Amino acid sequence: MNRILDLTALELGRQIKAGAVSAPEAVQAVLERIAQVEPDLNAYVTVDGDRAMEQAGRVQRRIESGELTGPLAGVPVAIKDNLCTKDLKTTCSSRILENFVPTYTAYAVQKLEEAGAVILGKTNMDEFAMGSTTETSYFGQTRNPWNRDHVPGGSSGGSCAAVAAGECFLALGSDTGGSIRQPSSFCGVTGIKPTYGTVSRWGLIAYGSSLDQVGPVAGNISDCAAALEAISGHDPRDSTSMDRKDCDFTAALQDDVRGLRVGLPRDYFGEGLDPEVRKAVLDAAQALREKGALVEEFDLGLVEYAIPAYYVIASAEASSNLSRFDGVKYGYRTPDYEDLHSMYKRTRSEGFGPEVKRRIMLGSFVLSSGYYDAYYLKALRTKALIKAEFDKAFKRFDVILGPTAPGAAPLLGSSLSDPLKMYLGDIYTISANLAGLPAVSLPCGLDSKGLPIGVQLTGDCFKEKEIIRAAYAYERTRTWGKPELTAAGTDAAGRGKRI
């Protein structure tokens with residue numbers, strides 16, 4: 001592997017600033033890596049190498065002139081394909097947006113570019129972020145770099161697989177019910193979902209507006225903290241954007257957890273949790289205890305209601321948000337229709353995949369007359385009760401520690417046949433979205449098949465620094481390898497890719 005690819009994002013930024021490496025050299029190294037492994041992994045939908053090299057040249061000149069001094073200047077990054085990028089295709093991995101090219105750039109991407117990061121391309125995902133495996137993409141499934149017979153998780157599976165495989169130094173994802181943290185766990189990388197409102201959703205193609213949040217994925221917590229610091233900030237174009245004064249997240253990178261109160265919810269360690277995952281996560285808790293943290297078990301109520309509440313709310317919001325994709329203004333339009341009604345019907349039937357249709361239908365049902373009170377309003381009340389349970393827990397604890405997912409990455413093709421089982425895989429991540437809390441997943445071990453296991457740290461609202469501090473301290477207790485990857489045969493599923 002090229003020596004540049006052995007660096008972390010922050011190490012690369014320092015070397016570029018010192019003149020040891022140039023931004024174009026870094027981009028070229030990553031493009032060569034993409035060309036080597038991408039045909040088999042399919043982590044990207046679009047890679048625009050020419051554009052990335054041009055941008056790297058501009059960034060390099062600004063670094064040399066002293067204009068760009070940030071820690072991520074010159075670092076090649078990838079963007080999940082539901083974040084709009086001006087003049088660069090944004091598809092949501094759906095046929096209905098197969099050739100959509102936005103006229104503006106999402107706030108989070110804009111902030112990364114202002115920090116000097118170089119955009120390589122757009123990563124694969126579950127269609128419209130609806131899924132947990134990155135198998136529902138119109139552009140073909142993404143494979144897990146640790147074992148290509150397994151899924152990378154979802155919906156930000158492309159971003160997490162790309163980071164794990166060295167196809168970028170960090171990436172942006174979006175998290176509606178665990179879509180950054182669960183694939184981070186499956187791919188052995190680190191991913192943060194910040195407090196709702198910390199990162200503007202402007203330019204993020206909406207799935208569940210009250211739940212969606214943009215966040216970074218990287219090889220370690222330091223890179224994640226630097227990226228989160230870069231993309232945070234108040235944006236008047238997003239009515240849910242918070243005007244925070246405490247976004248210096250890298251200041252929390254301290255190897256000191258003495259006195260930190262860590263809670264272990266008994267509800268998270270019961271039936272349904274793989275024994276190997278339980279052991280790895282409890283070992284992580286013990287590592288923090290040995291560094292001076294106060295670790296204690298407790299009961300976190302209403303856990304069993306999180307999944308039904310989430311899928312009612314998310315599906316209801318999706319049915320509303322996705323009504324704009326009708327073949328009129330942009331995106332795919334069926335060539336065969338008689339009138340406006342048949343154009344709507346056929347465009348949406350042909351443009352959306354099965355999982356998206358399932359959630360639109362569920363959402364339309366729970367919002368319909370006669371069922372609105374019975375399902376949607378009840379789910380909203382449950383959401384408020386779950387938030388109250390966390391409020392109670394955070395009076396006792398600074399951080400809640402648990403598994404990110406019930407098991408390691410499942411085999412490709414094993415989840416889509418049973419959607420309910422796939423939904424249950426989000427049981428540990430969903431609550432943070434319902435309550436608007438920050439949470440991070442980072443690697444804590446490998447199972448007997450050599451697949452990564454992730455531990456999740458959840459904090460109170462606006463307490464990202466607590467989970468970053470705990471994650472950093474835990475990282476210091478272990479070493480972490482990378483998946484072994486070699487050049488592989490081509491995969492015809494990678495439609496729409498340009499290298």
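The largest cavity in this predicted model has a volume of about 80 Å³, and a search of the whole structure finds 3 cavities of 30 Å³ or more. If you look at what lines the largest cavity, you will find several glycines, among them Gly-131, Gly-154 and Gly-177, together with the aromatic residues Tyr-207, Tyr-310 and Tyr-311, and also Arg-359 and Asp-426. Ala-129 belongs to that lining as well, and I would like to stay with two of these residues for a moment, since their backbones deserve a closer look.

Let me take Gly-154 to begin with: the peptide bond that leads from Gly-154 to Ser-155 is cis, with omega near 5°, and Ser-155 sits in the loop between strand 3 (118-123) and helix 5 (157-164). Ala-129 is found in the loop between strand 3 and helix 5, and although it is not a glycine, it has a positive phi of about 65°. As background, most residues other than glycine have a negative phi, and most peptide bonds are trans. Ala-129 is buried, with a relative accessible area of 4%.

Elsewhere in the chain, Ser-93 is a residue other than glycine with a positive phi, near 55°, and you will find Ser-93 in the loop between strand 2 (76-80) and helix 4 (107-114). Is Ser-93 buried or exposed? Ser-93 is buried, and its relative accessible area is 0%.

Now to helix 8, which covers residues 275-290. At 1.5 Å a residue, its 16 residues should span 22 Å, and the end C-alpha atoms are indeed 22 Å apart, so expectation and model agree. The buried residues of this helix are Val-277, Ala-280, Val-281, Ala-284, Ala-285, Ala-287 and Leu-288. Because they cover an arc of only 155° around the axis, they lie on the same side of helix 8. On the face turned away from that buried side, helix 8 carries the exposed residues Pro-275, Lys-279 and Glu-290.

What do the buried residues of helix 8 pack against? Their partners are strand 7 (261-265), strand 8 (294-298), strand 9 (399-403), strand 10 (439-446) and strand 11 (452-459), along with helix 15 (464-475).

Finally, the two ends of the helix: at the N-terminal end, Asp-274 acts as a cap, with a side-chain oxygen 2.7 Å from the backbone nitrogen of Glu-276, while just after helix 8 we come to Gly-292, which takes a positive phi of about 110°.

Conventions. Residues numbered from 1 in each chain as written. Predicted model: local features only at pLDDT ≥ 70, side-chain atom pairs only at ≥ 80, totals over all residues. Heavy atoms only, no water. Helix = DSSP H or I, 4+ residues; strand = E, 2+ residues; numbered from the N terminus. Expected span 1.5 Å × (residues − 1). Buried < 20%, exposed > 50% of the residue type's maximum accessible area, 1.4 Å probe, protein only. Arc of directions from axis to C-beta. Contact = heavy atoms within 4.5 Å. Polar contact = N/O pair within 3.5 Å; in protein donor to acceptor, adjacent residues only side chain to side chain. 1 Å grid on protein atoms, 1.4 Å probe; cavity = no way out; pocket = protein on both sides within 12 Å on 5 of 7 lines; lining within 4 Å. Points joined across faces, edges and corners; volume = space filled by probe spheres on them.
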